[in-house]
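Biologist: I'm new to reading protein models. Could you walk me through one, feature by feature?
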Amino acid sequence: MTSRGAFSDEPLSPAGRLFIDPKTDVVIHCIAISKNPIDLDVAKTALKSSVLVQHPRFCSLLVRDENGFEHWRRTELDIDRHFIVINNRLNKPGKFVGEHETQGFDDDEGDGDGDGEAAVNQYVADLSVSSPLSMDKPLWELHLLKAHKCVVFRIHHALGDGFSLMSMLMAGSGKVDVPAAVPPVKTEGIKSGKRREWFWLLSLLWGVFKMVRYTLVFVLEFAVRSLFVCDMKTVISGGNGVELWPRKLATAKFLLEDMKEVKMAIPNTTINDVMLAMVSSGLSRYLEHRTPNALHEGLRLTGVAMVNVRANPRLQELSEVMEKNSKARWGNKFGAILIPVFHHKGGNNPLQYLKRAKVMNDKKKHSMEAYFTYKIRDLVMTLLGPKYVCLLYYKLLCNTTFTISNFVGPLEHITLAGHPISNIKFNTSSLPQAISMHMLSYAGRVEMQLLVAKDIIPDPEFLAKCFQDALLEMKTAAIATNKA
């Protein structure tokens, strides 16, 4: 039953309209593993008083008017309709088992290991293909897997992007780690002088030139890739209709300290550079395993990444995100960029992957590719409607090999509804690509969720190991370099 009261309908944003199209419909899955058994009554009580149910998007139905335009309409929220409680244990294929069948299971879900993790992963993988969210209630659900001490949040991407949802997670959790204020940097006064002024002016002009150059090149490449240029077909390629194929889900696990050790090997390197190098090396390892010596050196594989385009890109308090004129406003404020990686058969120095990743990321940082794709998407949506934007994005996904995302999570362990959380990870529903990679850092660890089309990539656990081995190999090389 809807209750509009003093609230008026709010139009759906252009990005929201993109995510409700059948071809590009996306649901975000956030998996939280508790250290202790989850009390259902406590969880419901906490949810009823949480910031989530007070947020207008989570209390609104998606409706269409007589002209076919979508709007958010406030409604009375029935918490029980959003809770899906599963008492039975799941086996590795994600199927329910009886109590007499649970013997022999690895029961270490608290740390996200063993059979329990595989069972939860497969349960979520099945949801990513076969279970769209019901449109007769606000577009979110909470699946409680009691036997696995696990909660799966299902939130439609039309409600907000990862930045918005992470802000809500932090606001609704206990023991939130608030980043310390950055102390002001003391700088010496710049001495006047013609030489110094000319140097400053030349540096500025060179920076503007690089920004214009890289932006033009990358935006043109994005347009061409969206229309007709596609990656060379390999054993991990997807394509039209692959979003409907059955899925498998695996998890690659890393230590943030290992990534920091690797980035020390090359000056001015970032964690994102390390992650991209790890992906490039891991995919090369996997392709060599599946098709030895079949691919030429330097073969390009293209990924798609969504980039936050807010004026203030750092994670903010939810109250700041909800302010009307905030520079970190709630919603889907992102642009898309292309992430090329290249197949190499390896060599004596695994840090070559890091050097190549840094060069590419530095170019992307100097461009406004994400901002332009964000504005162009909204412009095409306004002029031509969602149909053409969805077709272009779908075509882009079909012409590329993978999707990748990376989010910074809580720096320390948190609690949700009074339950200490040992593990958090996320992924999205299936896309026409055969592989999507979603990374989230939490309390010193980084976990990558690998959602794959299982008829194309039947062994995602081995693919996860390829990424893990790639980082460890770079770490070994970095330690040797740092000691030298």
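Modeller: Sure, let's begin with burial: a residue is buried under 20% relative accessible area, exposed over 50%, and partly exposed in between, using a 1.4 Å probe and the protein chains only. One thing to keep in mind is that this is a predicted model, so local features need pLDDT of at least 70 and side-chain atom pairs count only at pLDDT 80 or more, while totals for chains, interfaces and linings use all residues. Also, residues are numbered from 1 along each chain as its sequence is written, and side-chain values use heavy atoms, with hydrogens and water left out.

Biologist: Okay, so is S441 buried or exposed?

Modeller: S441 counts as buried, because its relative accessibility is 11%. To say where S441 sits, we need helices (DSSP runs of H or I, at least four residues) and strands (runs of E, at least two), both numbered from the N terminus. S441 belongs to strand β17, residues 435–442.

Biologist: And what does S441 touch?

Modeller: For touching, we use contact, which is heavy atoms within 4.5 Å. Not counting residues up to four places away in sequence, S441 touches F407, V408, G409, P410 and V446.

Biologist: What about the whole protein: how many helices and strands are there?

Modeller: The protein has 14 helices and 18 strands. Of its 484 residues, 51% count as buried. Among contacts with a separation of 6 or more, 79% are between residues 24 or more positions apart.

Biologist: How much accessible surface does the protein have?

Modeller: Such areas come from the Shrake-Rupley method with a 1.4 Å probe, and for residues only the protein chains shown count as cover. Here the accessible surface comes to about 23,500 Å², and 58% of that belongs to carbon and sulfur atoms.

Biologist: Next, salt bridges. What should I look for?

Modeller: The general idea is that side chains of opposite charge can pair when their charged atoms come close. The cut-off for a salt bridge is a side-chain nitrogen of Lys or Arg within 4 Å of a carboxyl oxygen of Asp or Glu. This structure holds 23 salt bridges.

Biologist: Which residue pairs with R73?

Modeller: R73 meets D9 in a salt bridge, at 2.8 Å from N to O. R73 lies in strand β4 (residues 70–74) and D9 in the segment before β1 (10–11), so the pair ties together parts that are 64 residues apart in sequence. R73 counts as partly exposed because its relative accessibility is 24%. D9 is partly exposed too, with a relative accessible area of 21%.

Biologist: Do salt bridges turn up among buried residues as well? Which residues does E141 pair with?

Modeller: E141 forms one with K137, at 3.5 Å from N to O, and both E141 and K137 are buried. R154 also forms a salt bridge with E141, with the closest N and O atoms 3.5 Å apart. R154 is in strand β9 (residues 150–156) and E141 in strand β8 (residues 140–145), so this pair ties together parts 13 residues apart in sequence. R154 counts as buried at 1% relative accessibility, and E141 counts as buried at 8%. Elsewhere, salt bridges that share partners join E117, K253, K425, R445 and E447 into one network.

Biologist: Now V63. Where is V63 found?

Modeller: V63 is in strand β3, residues 60–64. V63 counts as buried, with 17% relative accessibility. Leaving aside neighbours within four places in sequence, V63 is in contact with D9, F69, E70, H71 and R73, so to speak the salt-bridge pair we just met among them. V63 and M135 are 72 residues apart in sequence and 8.5 Å apart in space, C-alpha to C-alpha.

Biologist: How do I read two helices that meet?

Modeller: We fit axes, lines through C-alpha atoms, for helices over the stretch in contact, and angles run from 0 to 180 degrees between N-to-C directions. The axes of α8 (residues 256–263) and α9 (residues 271–290) come within 9 Å and cross at roughly 95 degrees. Angles under 35 degrees count as roughly parallel, over 145 as roughly antiparallel, 65 to 115 as roughly perpendicular and the rest as oblique. α8 and α9 are therefore roughly perpendicular to each other.

Biologist: Which residues meet there?

Modeller: M259, K260, V262 and K263 in α8 meet I271, V274, M275 and M278 in α9. The residues of this contact divide into 6 nonpolar, no polar and 2 charged. For that split, Ala, Val, Leu, Ile, Met, Phe, Trp, Tyr, Cys and Pro count as nonpolar, Asp, Glu, Lys and Arg as charged, and the others, Gly among them, as polar.

Biologist: Last one: where does A417 lie?

Modeller: A417 lies in the loop between β15 (415–416) and β16 (419–428). Its phi is near 55 degrees, a positive value in a residue other than glycine.
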